[in-house]
Amino acid sequence: MSEGIPPDGDDGFIGDDEYRSAFGEELAATLDLRTWELGLDPKHILKRFKEQVDTAVHQEDVVREAIRKEFFPRLKKLRDAPQSAGVYKASPERLAIIHESLLFPGRVEAVNSVAVSHDSLPIAITQIGVAIVSYGGNTGVFSQRLFRKEMSTQTDGRKLLRDIFEQRQARSVEEEDPLSKLARRNIRAHAELALLLDRSSADWRMGYGNPCSRELLSGSGYSSLLTASLELLKRLIWEQRKFVFIPNSLEDRGFLTFGNALFGGEYAIIDTLEADSAYIVDRWNYDRTDREQAFKFVKEFCPHVVRGIFRASDQSPPYLFYAHREHAHIAAHVAMADSILRSERGFPMLLDVADVACRGAFGTEGFMGMVNDAYAQAGAKFHYVSERKRRP
């Protein structure tokens, strides 16, 4: 197993110039307690909020106009742009056809998941739940639970104590140690894709996030997980093809800035995932064999996945989408047709339904209830509960 961490990751350093540019004041002024307000003055705070938000919104309008005038007309001419690159308008008639022929008959199935965890001195427990839903009423929920304990093969008491101490101390120095990250992120992402391919029978498959995500392209440094994940992605891209993935995050703020310039009912096809995926692989700390395997996948398969942006209505924010290049236009219409069912949110309702199904079956409340009951049965009802959770 390789280390599973990028060799030259961002160290989080922010210089004085960056701070001044972002916040409009010197860091020293922020730290000076004489600039802090005493007490709470809602009228003054609301006034400042209004001024700052108003300025930001008007500035964004200027950016939107520039994007529509300068960037959108050049999409087809960008380097490595897919043949379908450009801005398009989704017709209400075609969206209605998608509703009647694909969505409502249950020919589109969506997958979403939830991961909850408990960490204490003697044990860490992670529960992963995945749901498959459609409007045809077919729903499947699947779950896995991982129990982590520090173990040692030592029989000598001193060596046993040293092993346990070192393992637990290593967990405490990282905000999220590699094994916990593996359980919560990588195995979860793999399970979503596997269930979408092997337990769904719908013509179209809808997933959450980026199909060629860092979690799947890295395998978190585990060769077996990387190989299994790449095999799933090959099947998705080469065999299934009729898929659309939609993230709900601000991770790609640059692309979302372009999307914010779209009018309601418009979508844009921007580029393919080859460059971004190659960047992830290039920065990850693989061993030689895994690196060659990952780069080969990126070169052969990622050019077939396009990245686009859609905006379901003028009241909703834009969202990215990923689809096979052969079905990119239909994929955009599927995403938009499902999203206009709640025009003010503008996000596919099937993914929200899958999320609700996951949280209802495998959410935090039920999970912690079972954890607390297990501690009580073991005679340690409050002994390993964190101080924060015991506050009144």
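## Glu266 and its partners

Glu266 comes out as buried in this predicted model, because its relative accessibility is 10%, under the 20% cut-off. Its side chain meets that of Arg68 in a salt bridge, at 3.0 Å from N to O. That pair ties together distant parts of the chain: Arg68 sits in helix α3 and Glu266 in strand β7, 198 residues apart. Arg68 itself counts as partly exposed, at 24% relative accessibility.

Glu266 also has a bridge partner in β8, namely Arg311.

## Strand β7 and its neighbours

What about the rest of β7? Seven of the seven residues in this strand (266-272) are buried, so the rest of the structure largely encloses it.

Strand β8 (residues 305-311) runs antiparallel to β7, with six bridges joining them. Strand β1 (residues 86-89) pairs with β7 in the antiparallel sense too, over four bridges. Here Tyr88 has Tyr267 as its bridge partner in β7.

## More salt bridges

There are 16 salt bridges in the structure. One of them joins Glu51 to Lys47, with the closest N and O atoms 2.6 Å apart. These two are four residues apart in helix α3 (residues 42-71), so about one helical turn separates them.

Asp32 and Arg34 form another, at 2.9 Å between the closest N and O atoms. Asp32 is partly exposed at 23% relative accessibility, while Arg34 is exposed at 76%. Asp17, Arg20 and Glu26 are linked in a network.

## Nonpolar cores

The largest nonpolar core has 46 residues, and Leu193, Leu217, Leu233 and Phe297 touch the most other members. A second, separate core of 30 residues includes Val108, Ile246, Ala323 and Leu350.

Terms used
Residues numbered from 1 in each chain as written. Predicted model: local features only at pLDDT ≥ 70, side-chain atom pairs only at ≥ 80, totals over all residues. Heavy atoms only, no water. Buried < 20%, exposed > 50% of the residue type's maximum accessible area, 1.4 Å probe, protein only. Pairing = 2+ DSSP bridges. Core = buried A, V, L, I, M, F, W, Y, C linked by side-chain atoms within 4.5 Å. Salt bridge = Lys/Arg side-chain N within 4 Å of Asp/Glu carboxyl O.
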